[in-house]
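Reader: I have a chain open and don't know where to begin. Can you walk me through it?

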Amino acid sequence: MEAKLSGLNYVRRVCHLSLLASALAASYLYGAPLQQLDANSIISTLEARYGARAGNRARTWFKIVNQAKGLDERSQLLEVNNFFNLFHFIDDIKLWGESNYWATPMEFIGANGGDCEDFSIAKYFTLLQLGVPEDKMRLTMVKATTINQYHMVLAYYETPSSVPLVLDNLNPVIQPATARRDLLPVYSFNGKQLWLNKEKGRGALAGSSTRLEKWNDLNYRLGLKRLKLPKLRQE
């Protein structure tokens with residue numbers, strides 16, 4: 001996959017996980033709390049678009065999110081991380097026929113997989129639906145030293161000064177960033193801000209996340225009206 005940060009001079013590199021150092025700013029799945037979402041419409045649309053198993057995954061997603069509503073935030077992290085880590089990793093070029101396609105959470109659920117950015121994005125959006133504050137989360141680009149490639153994870157900050165917890169599809173165990181010595185942070189962002197990271201902390205503020213390329217495209221595609229069909233059916 002290839003992409004670039006508008007206004008930032010990053011060197012383009014492609015990894016075997018098909019992820020370049022690029023990022024996605026985020027908003028709510030449909031701009032509404034989960035209780036306002038039409039579960040029947042979402043399930044039936046995914047079934048019609050991707051097949052019966054996609055509808056079953058959507059039902060499971062709703063079930064898990066509904067069950068997680070009353071849990072504390074750390075328990076919500078665990079439930080969401082475990083659910084999405086059951087999905088398949090697959091390169092964008094194989095799945096979507098594009099070198100850098102950023103799937104929406106509904107496309108990810110429908111296709112039953114994606115690459116590491118899609119795992120992180122789906123977790124982020126779902127936790128937003130559960131009411132986890134946006135300020136506590138960041139989609140984070142890291143350098144994975146064990147494979148010498150770029151990789152995306154979701155970082156959760158319990159307090160502004162906390163060492164973040166890392167939600168990752170490569171390592172399913174949620175751990176503090178200080179325990180993930182295999183990950184070197186490069187930059188991070190949420191729906192509001194962009195940070196450049198030089199250590200396993202919060203990094204230096206680098207402006208609004210609207211500077212990130214593809215934010216408008218992803219935001220435009222959220223919902224059910226513009227669901228893309230994968231080139232490769234996994235089931």
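**Surface, core and a helix pair**

Author: The chain exposes about 10300 Å², and carbon and sulfur atoms supply 50% of that area. Accessible areas come from the Shrake-Rupley method with a 1.4 Å probe; for residues, only the protein chains shown count as cover. This is a predicted model: local features need pLDDT of at least 70, side-chain atom pairs count only at pLDDT 80 or more, and totals for chains, interfaces and linings use all residues. Residues are numbered from 1 along each chain as its sequence is written, and side-chain values use heavy atoms, leaving out hydrogens and water.

Reader: What percentage of the 235 residues count as buried?

Author: 53% of them. Buried means under 20% relative accessible area, exposed over 50%, partly exposed in between (1.4 Å probe, protein chains only).

Reader: New topic. How do the axes of α3 and α6 cross?

Author: At roughly 140 degrees, coming within 10 Å. Helix α3 is residues 73-84, helix α6 residues 116-129. Axes are lines fitted to C-alpha atoms, for helices over the stretch in contact, and angles run from 0 to 180 degrees between N-to-C directions. Helices are DSSP runs (H or I, at least four residues), numbered from the N terminus.

Reader: Which residues of α6 make the contact?

Author: Phe119, Ala122, Lys123, Thr126 and Leu127. Contact means heavy atoms within 4.5 Å.

Reader: Why does Ala122 count as buried?

Author: Because Ala122 has 0% relative accessibility.

Reader: What does Ala122 touch?

Author: Phe84, Pro105 and Phe108, not counting residues up to four places away in sequence. Ala103 is 8.8 Å from Ala122, C-alpha to C-alpha, and 19 residues apart in sequence.

Methods: Helices (H or I, at least four residues) and strands (E, at least two) are DSSP runs, numbered from the N terminus.
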